[in-house]
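Biologist: I would like to go through this model term by term, with each value set against its rule. Please show it first.

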Amino acid sequence: MENTKLIVSYPPYTKSKDSIEKVMYTVVFALLPAVVAAVYFFGLRALALIFVCSISAIGFEYLINVFRKQEIACFDGSALVTGILLALNLPSNLPYWMAVLGSFVAIVVVKQLFGGLGFNVFNPALAARVFLLISFPVAMTIWPIPFSVDMQTAASPLGILKTEGLKAANSITLWQAFIGNVGGSLGETSALALLLGSVILFWKKYITWIIPVSFVGATLAFTGIFHYMEPLKYASPAFHFTCGGLLLGALFMATDMVTTPVSKRGQLIFGLGCGLLTGIIRLFGGYPEGVSFAILIMNAFVPLLDKWDNYSNGKKWRLTKMRSVIVLTCIGFFSAFLLYMTDNITKEPIKKAIERVKVEALRQIFPFEFSDKDINIAFDKNGKEFFEIKNKDNSLRGIAVETSSDKGYGGEITILVAVSPDGKVFNYNVLSHKETPGLGNKIENEAFKKQFNGKTLDGFNWKVKKDDGFVDELTAATISSRAATDAVKKGLEVISNKYFVENKK
Amino acid sequence: MTILTPILILSALTFILGLCILLASKKFHVKSDPLIDTVILMLPGANCGACGYPGCAQFAEILVKTRDTSKICPVGGNDLSYELGRILGIKMDDAKPLSCIVLCNGNKTTTKFLADYKGIHDCWAVKEILPSVKQCAYGCVGLGSCVEACKYDALKIVDGLIKVIEENCVGCGVCIGKCPQHVLKLTEKKVKKYHVACSSVDKGAITRKYCTNGCIGCMLCVKACKFDAVKVENFCAIIDDSKCVNCGLCAKVCPVKCIHLTEYAMASKKIAVKKTDDNCGGCEMPCSVKGLGEDGTLGY
Amino acid sequence: MKTFKCGGIHPDENKFTRHLSIETMPMPKLLAVPLIQHIGKPAALIVKLGEQVKKGQCIANADGFISASIHSPTSGKIKKIENHPHSGGKFVKTVFIESDGREEWAEGLNTDEIDFKKLSLEEKLKRIKDAGIVGMGGAGFPTHVKLSPPKDKKIDTLILNGAECEPYLTADHRLMLEKTDEILKGLSIIASFFPDGLKIYIGIENNKPDAIKLMNEKASPLGFEVVVLKPLYPQGGEKQLINAITKRTVGNGQLPFDVGCMVNNVATAYAVYEAVCKNKPLIERVLTVSGMAIKNKKNIKAPIGTMFSDIVDYCGGIASRTMNLLISGGPMMGKAQYSFDVPVIKTTSGILFIDEIKLAEKKERPCLRCGRCEEACSVNLKPWLLSNLAQKDVERTLEYGLNQCMECGSCAFVCPSKRDLVHWIKYAKVMNANIKAIGATERQ
């Protein structure tokens, strides 16, 4: 008793049994259902990827601890959580070296360079995911299909929604998306697994309910409003709930304590902001998935949100501090207004310019002269635009219409074809094409175009000579010739549908 | 041609904003004397506050405005004062070079510790719950609150005791207020300087129990001093700088070796030595030795 | 069950001694009585070295308005007067009294019980002041000052604090069970100072059902209401107790009398009874000796000035060779001691002997900004912000309510990074006081 020195420190001398390790490893435990689901749907490669991310994250943190001569803290669980969350954001067929690079960015750049645990502004796993997405867009957006043996890939549901529209995306059943049987990153597919895992975090009060509820709520409300207004164009809120990384983000990324506000009010604003941004990016942005960007943008606001809530001496935060913000907002508003005015003023002239191009093209395909005021624009029941050239006595002198054919060698060929009132082709003009220069682009040559002069829809076989038609195809450019023929025929059909069939009726 | 409109608008906007910036720079322009700027460049720039002003910029302003010859930058010392005087056309007063000394010599091997302290690593924080980490309640606590304050890297904790790195210390005095035990003191630099490295006011027997380097108030130094420069107050010896000639006799006789010698690198001024005939033996030569010479090259 | 509005934690109760009745400790040979055992100026010594004193004799007078007098706990000789370690952490002038074994009371003290109603208010107040009674819950505010609030502050609620929210401590609990009548008499004496329209409550946490039952039986006929409180720490804090029972809030810079309330500890009420009815000064107190490293846990009545080492011997000695933490008070707000040679003072509510290996490895990790400390704080502060600012920019902590912190320790209890939050806040308070002092001297 005399020799051992008594310990003297400041009270309290009893502490709760919680520690950083306990919190972090509980989060790891909460992620296990998602990990199991990932392995179930995507196979052992998923497990390998998760391992690689985790081990490299812990490894990089160990190296940093050694380099900075700190005590070794890489086993406290925070690096492991970052590693697993990063892996859950990646497609299962991502090359291992890219995953290691992602771990490097997450741990070394985003976490340690900003000051280490507790000091980083941005969520490390999300920032690394965005880094990988921007650096390797192809590798990061090819999603393996669940249960596929040879790594067949397809776009994720949100990807399909963005590029091909709602009709294509509606082929995915929501229940399948909920349990995870869709393409996507390892963690985002199974909403069910994520919800199951998060129960323990809510029960132990490690995460607040405010952020997930406000985040998901704002996204659903935003998409819901647009879905209600145009159900054929915008996907339902249920689709947005089950597809994509919304739940992974709302439950595990946006609730990370270090990068989110401390105060309840700040958390509410944070969640709402994330939800709104996610909705905007998903519906109107260029990327199909908006959760990562939304959370990262809101992370940047967190110091400000905390500052707003820390009021001095019980009094509310004074308006004088707002002065600079108000001034900036005014400048921004003023600039935006100026931009709008500029856009408005220039809209008409731009439109007129486009029109002028079309009018020039029109002049080239009709064999007669006419003035601008002789041009009349009509529409058919599908909303297609027709250029009518009228005589002085308002009778039709000629009709032109823009048609296209996607059977071209390089893609779509758009032409403007002119037809006489009795259904005979005058001429046509190629507006755009992707044909081979020197070969396919000869469809613009007068010699080729002359063939169509005077031909009607009936009575001619609108095919190339190879296919027993009347069109003399270009040498070594049969496909382009076919496409041009097809386009001209389509134009004739459309015009005759409107003008001749109706008249007959 | 329609591109003209946005071009015109943007140009007008930038022109107007540019005008605004120009107006602002004229209206809010802060007039400053170019001499002040020159002086600021000459100062050390550490903003240590030793001159009594918050920063080098403020010191420069006051100096140029008032041309007060007593305004000294202790860090730059006499060399800087001379240069400043040249620029301003005045003769600056001599600055005494100062240095920091530690009135404690109790480290982990010589001093017993009171308890196993596990609180915040700061000397002030300790004082809230313990008299000190060591059993001596008057000496250096050893947790380094002063180290952070020093902008010249002149303080270092070695073995639980603060040490001054003499080459780096410029005598700015910022560390003095940072010590809760007041064991740091500013003293005038001399080629040889003696000071008593102890602050313990406990009786000798008690002091001895917890620190083998502590002054026990035996008064042997008082008896040895021929210049009446040492006295013992509250069982702790103190050397009076105004009377001390730094002969070192007190240090020789101290039984616990708590009187320390610090040697400072100084430009030695050759001065004439007053012969005292006392033959104190501090320089190990009797005063009347011919070897002294006219300029009395003893380097004091 | 009532409780206070915000924050609060529930540490393990560890009330191992709740069933042990109070034992009276025999008088030790040497007593060390410090001259400061209360808030305010230290008492002024009136005895000399070598003087003979009687039991209960006043050895130091209250110096100034906020101060309390100190009495000798035994009859004997003044052996020495010197600076000695104090359980508050500093060296304090202490009077050492060697007991002669006779226990002779001074003249007029320790009389038979008299009816307090026969005494006037001034006489009662004089007896309380002369007895040197201070708040025995831990704060140590002189009671006679507390009982004379400013004239414009009307007191309409009197609360007896029987909460005892700190883990391990059971002294107040046992006192309520064994000295119920005396405590109620003391409460009545205090109540007599505020005769008009006073409502009297007795607050007891619901982990003491026997005390609640007994108090209900005995206090209800007297018109006192027993309020059952939720066992939430710090239920026994003044502001929290007032909020729980009366729903009133004591704001920043305010004191209980500003909202018309007064809170007194159970042990203080007992001391008031002894002083007024029996003319006994405050020379002994009940405290809990507990913890896993002491052989016999007890609730003891010990004389003021008993050395902790004597108590260790009385309780059988240290049970564990690796005992490394000696706490005076409770584990949440008590102070760790560096020596067994500190005396019991008027505010020592318990002595704990802890064998805490984990404390030795404790290391602060960075703040996770999890916000649990903010949730736990019962005064609505932000400990994470205060401790961060204490390290970087000390003066700004004043803007965020630093001086309202009562250092209850709830924040540091819940912190998963094991940050020394209370120490940083205390450090900030000290540094701010220094800055203020330097500012004052510079102005001179």
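Biologist: How many salt bridges are counted between domain 1 of chain C and domain 2 of chain C?

Modeller: Zero. A salt bridge needs a side-chain nitrogen of Lys or Arg within 4 Å of a carboxyl oxygen of Asp or Glu, and no such pair is counted between these two domains. This is a predicted model, in which local features need pLDDT of at least 70 and side-chain atom pairs count only at pLDDT 80 or more, while totals for chains, interfaces and linings use all residues. Residues are numbered from 1 along each chain as its sequence is written, chains are lettered from A and ligands numbered from 1 in the order written, and side-chain values use heavy atoms, without hydrogens and water.

Biologist: What makes domain 1 and domain 2 of chain C touching parts?

Modeller: Contact means heavy atoms within 4.5 Å, and five residues of domain 1 of chain C meet that rule with six residues of domain 2 of chain C. The bounds, 116-278 and 372-443, come from an automatic or database domain assignment. About 460 Å² is buried between the two domains, 52% of it on carbon and sulfur atoms; buried area is the accessible area (1.4 Å probe) that two parts lose on being put together, summed over both.

Biologist: Why is the pair C:R365 and A:D76 called a salt bridge?

Modeller: The N to O distance between their side chains is 3.0 Å, and the limit is 4 Å, so the pair qualifies. Five salt bridges are counted between chain C and chain A.

Biologist: Which residues of chain C lose the most area to chain A?

Modeller: C:R365, C:L368 and C:R369, which together account for 18% of what that side buries. The two chains bury about 4,000 Å² between them, with 59% from carbon and sulfur atoms.

Biologist: What makes β15 and β16 of chain C a pair?

Modeller: Two strands pair if DSSP finds at least two bridges between them; β15(C) and β16(C) have three, in the antiparallel sense, so they pair. In one of these, C:I327 is bridged to C:A336 in β16(C). Strands here are DSSP runs (E, at least two residues), and helices are H or I runs of at least four, numbered from the N terminus.

Biologist: Why is the six-strand sheet of chain C called open or closed?

Modeller: Open: its order is β1-β14-β13-β17-β15-β16. At the edges, β1 (22-24) and β16 (335-337) of chain C each have a single partner strand, so one side of each has no neighbour in the sheet.
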